[in-house]
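Biologist: I've got this one open on my screen and would like to go through it with you. Can we take it piece by piece?

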Amino acid sequence: MDLLEKYKIKIIDGKRYYELDLNNNFYGTELEDTVPYLFQYKDKIIKKSYWGGMAIEILTYIDELTPKTYEQLLVLTYDFCKSTVFSRVKRTNFTKFKDIYLNTNHTAGHAFRSIKTLLRAYNINFDECYFLSRKHINTEPDEVKENYKEETIKEYKYFSLLRGCPANKLDSFVNNIEVLNKQLSKIGTSMNDLFLFDNYIDYYNVKCKLVSYIIDNFPCQNNYINAAKNNLFYLEKFYKYRSRFSNLKERGIDYTYRHLLDKHLKALFDLFKVDKITCKELYQFIKENDINLYNSFNNFHDFCMICDILISKDYKVKIPYILKKG
């Protein structure tokens with residue numbers, strides 16, 4: 001049994017989501033630091049990233065299917081606490097539903113059980129429901145994190161090769177990130193490993209905080225600051241393109257393409273006598289002068305991504321422009 005099957009993990013757009021079993025009565029603290037993602041019943045799909053919103057959306061939908069009176073709802077009780085499910089009057093952390101209020105004052109574990117209470121009250125068959133949640137990375141199973149980090153490092157090494165880093169330096173690039181992990185634990189985020197992100201936005205936000213911390217705490221160490229910023233920048237680019245560059249190897253696009261792109265770039269710079277050209281100009285130039293290379297790109301956006309990865313070590317790539325360095 002692989003890890004995806006063992007932990008009921010679903011990969012959607014590169015992110016890991018965990019299937020929740022509505023028939024499981026033992027969820028508790030393991031749902032803390034968990035948010036809902038998707039609920040499906042029959043053909044209805046509801047997406048919400050906070051528990052109160054998910055509860056209201058589910059309630060609204062199932063009440064449309066089989067409406068209940070306020071009197072029927074107001075007598076509902078939980079099996080896990082003494083709080084009321086509904087109230088006639090507005091209370092703290094109660095959310096309006098029609099002309100009454102739903103209790104949404106719950107921890108994640110209780111929120112999940114609260115949703116089960118609502119489904120049960122409307123006679124919804126749990127086996128016909130599908131529920132996905134998202135865990136904070138630090139609360140995921142250790143073997144999932146270890147496996148994911150191993151895969152991330154492997155892919156980051158391949159990415160580094162693509163952008164022109166020597167093969168004998170790959171381990172040192174990884175070690176540089178591990179050194180920065182020690183600083184990461186000091187900036188007040190709940191993340192403690194730069195190799196555990198599964199999306200660009202989360203990484204970018206933490207990276208910005210880490211760069212600010214390093215600048216503030218190492219004011220006289222410019223070499224260290226610049227090295228840290230460079231390492232974080234390339235890791236940022238890796239996360240930015242990770243979901244899209246994974247098939248480059250299968251397409252036969254490797255670091256040798258750097259030399260082909262470099263050849264056409266130099267020719268174009270010499271032709272126009274400029275220090276800056278657009279990606280569109282290079283794309284068109286390659287189409288006219290190297291049709292085999294041109295046909296290896298899926299489209300213009302694919303071409304821009306490949307340029308940003310392969311030649312950013314030797315040129316300043318700021319899409320839609322490519323500039324000479326120095």
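Biologist: Which strands flank the loop that holds aspartate 33?
Modeller: Keep in mind that this is a predicted model. Aspartate 33 counts as exposed, at 53% relative accessibility. Its loop runs between strand E2 (15-20) and strand E3 (34-41).

Biologist: And what is the phi of aspartate 33?
Modeller: Most residues other than glycine have a negative phi. Aspartate 33 is not a glycine, yet its phi is positive, at about 60°.

Biologist: Is lysine 42 buried or exposed?
Modeller: Lysine 42 sits in the loop between E3 and strand E4 (44-47). This residue also isn't a glycine and has a positive phi, about 55°. With a relative accessible area of 53%, lysine 42 is exposed.

Biologist: Let's move on to proline 141. Is it buried or exposed?
Modeller: Proline 141 lies in the loop between strand E8 (129-135) and H5. Leaving out residues up to four places away in sequence, proline 141 touches Tyr7 and Tyr18. Its relative accessibility is 18%, and the cut-off for buried is under 20%. So proline 141 counts as buried.

Biologist: How many Å does H5 reach from its first C-alpha to its last?
Modeller: H5 has 21 residues. Its buried residues include Tyr148, Ile153 and Phe159, as well as Lys145 and Lys149. At 1.5 Å a residue the expected reach is 30 Å, and H5 comes close to that, with 30 Å.

Biologist: Which glycine just after H5 has a positive phi?
Modeller: The phi there is about 100°. The residue that takes it, just after H5, is glycine 164.

Biologist: On to helix H6. Over what arc around the axis do its buried residues spread?
Modeller: Helix H6 covers residues 170-184. Its buried residues are Leu170, Phe173, Val174, Ile177, Leu180, Asn181, Gln183 and Leu184. They sit on the same side of H6, because the arc they cover around the axis is only 155°.

Biologist: Why would residues spaced like that point the same way?
Modeller: It comes down to the helix repeat, which is 3.6 residues a turn in an α-helix. So the residues that point the same way are those three or four places apart.

Biologist: Which helices do the buried residues of H6 pack against?
Modeller: With H7, the contact brings Leu180, Gln183 and Leu184 in H6 up against Val206, Leu210, Tyr213 and Ile214 in H7. By class, this contact of H6 with H7 has 6 nonpolar, 1 polar and no charged residues. Taken together, the partners of the buried residues of H6 are helix H5 (142-162), helix H7 (200-217) and helix H8 (222-245).

Biologist: How are H6 and H7 oriented to each other?
Modeller: Their axes are 10 Å apart, and the packing angle is about 80°. An angle of 65 to 115 degrees counts as roughly perpendicular. H6 and H7 are therefore roughly perpendicular.

Biologist: What about H9 and H12, at what angle do they pack?
Modeller: Helix H9 spans residues 256-272 and helix H12 spans residues 300-310, with their axes 10 Å apart. H9 and H12 are roughly perpendicular to each other. The angle is about 105°.

Biologist: How many charged residues does that contact of H9 with H12 have?
Modeller: On the H9 side are Tyr257, Arg258 and Leu261, and on the H12 side Phe303, Ile306, Cys307 and Leu310. By class, the contact has 6 nonpolar and no polar residues, and the charged count is 1.

Biologist: Which residues does leucine 265 contact, leaving aside neighbours within four places in sequence?
Modeller: Leucine 265 lies in helix H9. At 0% relative accessibility, it counts as buried. Its contacts are Ile277, Leu282, Ile311, Tyr315 and Ile322.

Biologist: And how far apart in space are histidine 264 and asparagine 289, C-alpha to C-alpha?
Modeller: Histidine 264 is found in helix H9, and it counts as buried at 5% relative accessibility. Asparagine 289 is one of the residues that histidine 264 touches, with Leu282 and Phe285 also among them. The two are 25 residues apart in sequence, and their C-alpha separation is 8.6 Å.

Biologist: Last one: which residues does the cis peptide bond join?
Modeller: Most peptide bonds are trans. In this cis bond, omega is about 15°. Proline 320 lies in the loop between strand E10 (315-318) and strand E11 (321-324). The bond joins isoleucine 319 and proline 320.

Technical notes
Residues numbered from 1 in each chain as written. Predicted model: local features only at pLDDT ≥ 70, side-chain atom pairs only at ≥ 80, totals over all residues. Heavy atoms only, no water. Helix = DSSP H or I, 4+ residues; strand = E, 2+ residues; numbered from the N terminus. Expected span 1.5 Å × (residues − 1). Buried < 20%, exposed > 50% of the residue type's maximum accessible area, 1.4 Å probe, protein only. Arc of directions from axis to C-beta. Contact = heavy atoms within 4.5 Å. Axes fitted to C-alpha atoms, helices over the stretch in contact; angles between N-to-C directions. Parallel < 35°, antiparallel > 145°, perpendicular 65-115°, else oblique. Nonpolar A, V, L, I, M, F, W, Y, C, P; charged D, E, K, R; others polar.
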